[in-house]
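Colleague: I would like to learn how to read a model like this one. Can we go through it feature by feature?

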Amino acid sequence: MLRRPRRNRKSEAVRNLVEETQLSVKDLIFPMFLVEGNNQKIEVASMPGIYRFSTDLMLKEIEECLKLGITAVDVFPAYPESKKDKIASESYNPETFYLKALREIKKNFPELCLMSDVAMDPYSSDGHDGLVREGRILNDETLEILSKMSLAQADAGVDILGPSDMMDGRVGYIREALDQNGFTDTSIMSYTAKYASAFYGPFRDALDSAPKFGDKKTYQMNPANSQEALIEADLDMEEGADFLMVKPALSYLDIIKLLSDNYPLPIAAYNVSGEYSMIKASAERGWIDGERAMVEMLTSIKRSGAKIILTYFAKEFASLQK
Ligand code: PBG
């Protein structure tokens, strides 16, 4: 046998030399959940180890994350039903706790890369990402609301906006609004290929944001399709997105590879709530080695072409490196 591939696996030192994919804390964005109030730290039942924080405790948590080397976080707000309405008006109310918290975070940690979420669902009494009329999700009417929300978040000091709504034309619409208002340095990480996925379940628990009727299949993509991801990526590229994101990650590694092979923009992947919970739940039962499964999963996402990974494992992974 001339070729013995096992020779390149014979020791840790040799394995290190031939290792192609290196995962770094610098690649990670930590998604965090925010609630109104003070001194609140409430564990999300379906996401062990993940909490909803009030602003004061979130600041402490971010400080800890920075010490661990995490330099980017994505903050999602959980609103009570009483603050929701048809048009998500709370999303651009300058006095709302989410915008105040973003401002506070940026003031305390100017070096942190702060990302936010642009979509109507946390503020919508319909629980949808777009405006609902007679049971239908309206595209163009939603854009105006998304752009107001984006301007409010940019004004609060956000570095990267994350439109997660999947309305057509939103990246261009938001980019134009930002530029016209002087926010030329505010970046857009577009949720380019966001699929209608069962893996968002725990996230919707965390935010109480599940749709009140129907599903999200008229705007989020069909898990059976990959060609559409190219159309979405073309549009986002033309419309001025700075990053392209694929979501979820694990069941969509082929889509991550497809976009990274075809687009020069940095590709991000969202390792979503259900992917986190699957590992946590089976590890709690002793069915799987949670730590190894986490590293293997994150490595596979990076190997498939994602430069950036949004993951609830960010803090745990960072703690391992210390
Ligand atoms: C909503 C949004 C969702 C997630 C991020 N932004 C849920 C959805 O589309 O229903 C999911 C994140 C996760 O599951 O971790 N615009």
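Colleague: Start with one side chain. Is Tyr173 buried, partly exposed or exposed?

Modeller: First, a caution: this is a predicted model. Burial is read from relative accessible area; under 20% is buried and over 50% is exposed. Tyr173 has 35%, so Tyr173 is partly exposed.

Colleague: Which element holds Tyr173, and what does Tyr173 touch beyond its sequence neighbours?

Modeller: Tyr173 is in helix H5, residues 170-180. Beyond four places in sequence, Tyr173 contacts Leu143, Glu144 and Ser147.

Colleague: Which residues of H5 are buried?

Modeller: The general idea comes first. An α-helix has 3.6 residues a turn, so residues three or four places apart point the same way. In H5, the buried residues are Arg170, Val171, Gly172, Ile174, Arg175, Ala177 and Leu178.

Colleague: What do those buried residues pack against?

Modeller: The partners are strands S5 (113-118), S8 (160-163) and S9, with helices H4 (140-155) and H7 (227-238).

Colleague: Take Arg175 from that helix. Is Arg175 buried or exposed?

Modeller: Arg175 has a relative accessibility of 12%, which means that Arg175 counts as buried. For a buried polar side chain, look for polar partners. A polar side-chain atom of Arg175 lies 3.1 Å from the backbone oxygen of Phe183.

Colleague: What else does Arg175 touch?

Modeller: Leaving out residues up to four places away, the contacts of Arg175 include Thr184, Thr186, Ser187 and Ile188. Glu239, Gly240 and Asp242 are also among them. Sequence distance and spatial distance should be read together. Arg175 and Ala241 are 66 residues apart in sequence, with their C-alpha atoms 8.0 Å apart. Tyr173 and Leu244 are 71 residues apart along the chain, and their C-alpha atoms are 16 Å apart.

Colleague: Thr186 appeared in that list. Where does Thr186 lie, and is Thr186 buried or exposed?

Modeller: Thr186 sits in the loop between H5 and S9. Its relative accessibility is 8%, so Thr186 counts as buried. Besides Arg175, Thr186 touches Ala154, Val158, Asp159, Leu161 and Leu178, with residues up to four places away not counted.

Colleague: Now the ligand. Which residues come nearest?

Modeller: There are 18 residues around the ligand. Ser164, Lys194, Arg204, Lys247 and Tyr312 come nearest.

Colleague: Which polar atom pairs should I look at?

Modeller: Check the element on each side. A polar side-chain atom of Ser164 is 2.7 Å from a ligand nitrogen. For Lys216, a side-chain N or O atom is 2.8 Å from a ligand oxygen. Tyr312 has a polar side-chain atom 2.6 Å from a ligand oxygen.

Colleague: How much of the ligand does the protein bury?

Modeller: Compare the ligand alone with the ligand in place. Alone, the ligand exposes 400 Å², and the protein buries 100% of that. The space that the ligand takes is the largest cavity.

Colleague: Lys194 is among the nearest residues. Where is Lys194 placed, and is Lys194 buried or exposed?

Modeller: Lys194 belongs to strand S9, residues 187-194. Lys194 counts as buried because its relative accessibility is 5%. A polar atom of the Lys194 side chain lies 2.9 Å from the backbone oxygen of Ser164. Outside four places in sequence, Lys194 contacts Asp129, Ser164, Met166, Tyr200, Gln220, Met221 and Lys247.

Colleague: Last topic, the backbone. What do most residues and peptide bonds show?

Modeller: Most residues other than glycine have a negative phi, and most peptide bonds are trans. Now look for exceptions. The peptide bond from Lys247 to Pro248 is cis, with omega near -10°. Pro248 lies in the loop between strand S10 (243-247) and helix H8 (253-262).

Colleague: Where is phi positive?

Modeller: Asn39 is one case, with phi near 55°. Asn39 lies in the loop between strands S1 (28-35) and S2 (41-43). Ala88 has a positive phi of about 55° as well, and Ala88 is not a glycine. Ala88 lies in the loop between strand S4 (72-77) and helix H3 (97-108). There is also a glycine: Gly182, after H5, has a positive phi near 85°.

Colleague: Are Asn39 and Ala88 buried or exposed?

Modeller: Asn39 has a relative accessible area of 59%, so Asn39 is exposed. Ala88 has 0% relative accessibility, so Ala88 counts as buried.

Notes. Residues are numbered from 1 along each chain as its sequence is written. This is a predicted model: local features need pLDDT of at least 70, side-chain atom pairs count only at pLDDT 80 or more; totals for chains, interfaces and linings use all residues. Side-chain values use heavy atoms; hydrogens and water are left out. Helices (H or I, at least four residues) and strands (E, at least two) are DSSP runs, numbered from the N terminus. Buried means under 20% relative accessible area, exposed over 50%, partly exposed in between (1.4 Å probe, protein chains only). Contact means heavy atoms within 4.5 Å. A residue is near a molecule or strand if one of its heavy atoms lies within 4 Å of it. A polar contact is a pair of N or O atoms within 3.5 Å; within protein, one must be able to donate a hydrogen and the other to accept it, and residues adjacent in sequence count only if both atoms are side-chain atoms. Accessible areas come from the Shrake-Rupley method with a 1.4 Å probe; for residues, only the protein chains shown count as cover. On a 1 Å grid over the protein atoms alone, a cavity is a set of points where a 1.4 Å probe fits but cannot get out, and a pocket is an open set with protein on both sides within 12 Å along at least five of seven lines; lining residues have an atom within 4 Å of a point. A molecule sits in a cavity or pocket if more than half of its atoms lie within 2 Å of its grid points.
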